[in-house]
Amino acid sequence: MADLHPDNPYAPDRFPDASKPVAFPPEAKKKFDYILTRYPTKEACLLPTLHLAQEVWGWISPETVLYVGGLLDLSPATVFGVVSFYNMYNQKPVGKYHLQVCTNLSCMVRRAYDIYDHLCERLDVNPGATTKDGRYTVVEVECLGSCGTAPVVQVNNDYHENMDVSKMDALLAELK
Ligand code: FES
């Protein structure tokens, strides 16, 4: 069978590898147990549990989908449906700095693509990819909900607003 694009849901690396099971380390397990006490049903714990998993592993792998489904009595399809719906869940490993440039309408008209293109060129990385040294991942994302301060770049969990190319360069210098 021909190789499938990795974004294709039927690509082999979209399926969990049974030889690589995952489990929360003790600290994360304590946090998970606390999450269970905060919501009326196990299903309602799905979003915070995925956030916790991403905090631990940096992304949501197919093995993590299976693991979280097992913890919450949910099918892998249900968990994957949620992971693939929200772009705050990383479906691939990301670099130490996850640079998410909003290119939706307000940011686009305020020159977000100048920032995005500059980042890809300066960091020598293809759009949506991670630098060879694993430090930076550069992706474009849909509206980050801060249109009044467009253009917006999210770096890991922090928003940087009213950005331009020179502010982006200054920010990169701080991320060393
Ligand atoms: S369009 Fe960029 S934050 Fe809304």
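Two residues are in contact if their C-beta atoms, placed from the backbone, lie within 7 Å. The model shown in these figures is predicted.

**Figure 1. The whole chain, with its seven helices and four strands.**
Among contacts between residues at least 6 apart in sequence, 57% join residues at least 24 apart. Along the sequence, the elements run α-α-α-α-β-α-α-β-β-β-α. Along the principal axes, the C-alpha atoms fill a box of roughly 45 × 45 × 30 Å. The chain has 176 residues, and 25% of them count as buried.

**Figure 2. Close-up of the packing of helix H2 on helix H3.**
H2 spans residues 46-57 and H3 spans residues 62-72. Their axes lie 11 Å apart and meet at an angle of about 140 degrees. That angle makes H2 oblique to H3, because the roughly antiparallel class takes angles over 145 degrees. The crossing of H2 past H3 is right-handed. From H2, the contact uses Leu46, Thr49, Leu50, Ala53 and Trp57. From H3, Thr64, Val68, Leu71 and Leu72 take part. By class, the contact residues are seven nonpolar, two polar and no charged.

**Figure 3. Close-up of helix H6 and its buried residues.**
H6 covers residues 112-122. Ala112, Ile115, Tyr116 and Leu119 are its buried residues in this view. They sit on the same side of H6, because they cover an arc of only 95 degrees around the axis. Two helices are among their packing partners: H5 (105-109) and H7 (165-174). Strands S1 (97-102), S2 (136-141) and S3 (153-155) also pack against the buried residues of H6.

**Figure 4. Close-up of Ile115 in helix H6.**
Ile115 has 27 other C-beta atoms within 10 Å, so this residue is buried. The cut-off for that class is 20 or more. Leaving aside residues up to four places away in sequence, Ile115 touches Val101, Pro151, Val153, Met163, Asp164, Val165 and Met168. One of these partners, Pro151, is 36 residues from Ile115 along the chain. The C-alpha atoms of this pair are separated by 8.9 Å.

**Figure 5. Close-up of the cis peptide bond from Ala150 to Pro151.**
Omega of this bond is near -5 degrees. Pro151 belongs to the loop between S2 and S3. Ile115 of the previous view touches Pro151.

**Figure 6. Close-up of Arg111, a residue other than glycine with positive phi.**
Phi of Arg111 is near 75 degrees. Arg111 lies in the loop between H5 and H6. Within 10 Å there are 14 other C-beta atoms, so Arg111 is partly exposed.

**Figure 7. Close-up of Asp124, which follows H6.**
Where does Asp124 lie? Its place is the loop between H6 and S2. Phi of Asp124 is near 55 degrees, a positive value in a residue other than glycine. Is Asp124 buried or exposed? Asp124 is exposed, because 9 other C-beta atoms lie within 10 Å. The exposed class takes residues with 12 or fewer.

Note on methods:
Residues are numbered from 1 along each chain as its sequence is written. This is a predicted model: local features need pLDDT of at least 70, side-chain atom pairs count only at pLDDT 80 or more; totals for chains, interfaces and linings use all residues. The arc is that of the directions from the helix axis to the C-beta atoms. Axes are lines fitted to C-alpha atoms, for helices over the stretch in contact, and angles run from 0 to 180 degrees between N-to-C directions. Angles under 35 degrees count as roughly parallel, over 145 as roughly antiparallel, 65 to 115 as roughly perpendicular and the rest as oblique. A crossing is left-handed if the near helix is turned anticlockwise from the far one by less than a right angle, and right-handed if clockwise. Ala, Val, Leu, Ile, Met, Phe, Trp, Tyr, Cys and Pro count as nonpolar, Asp, Glu, Lys and Arg as charged, and the others, Gly among them, as polar.
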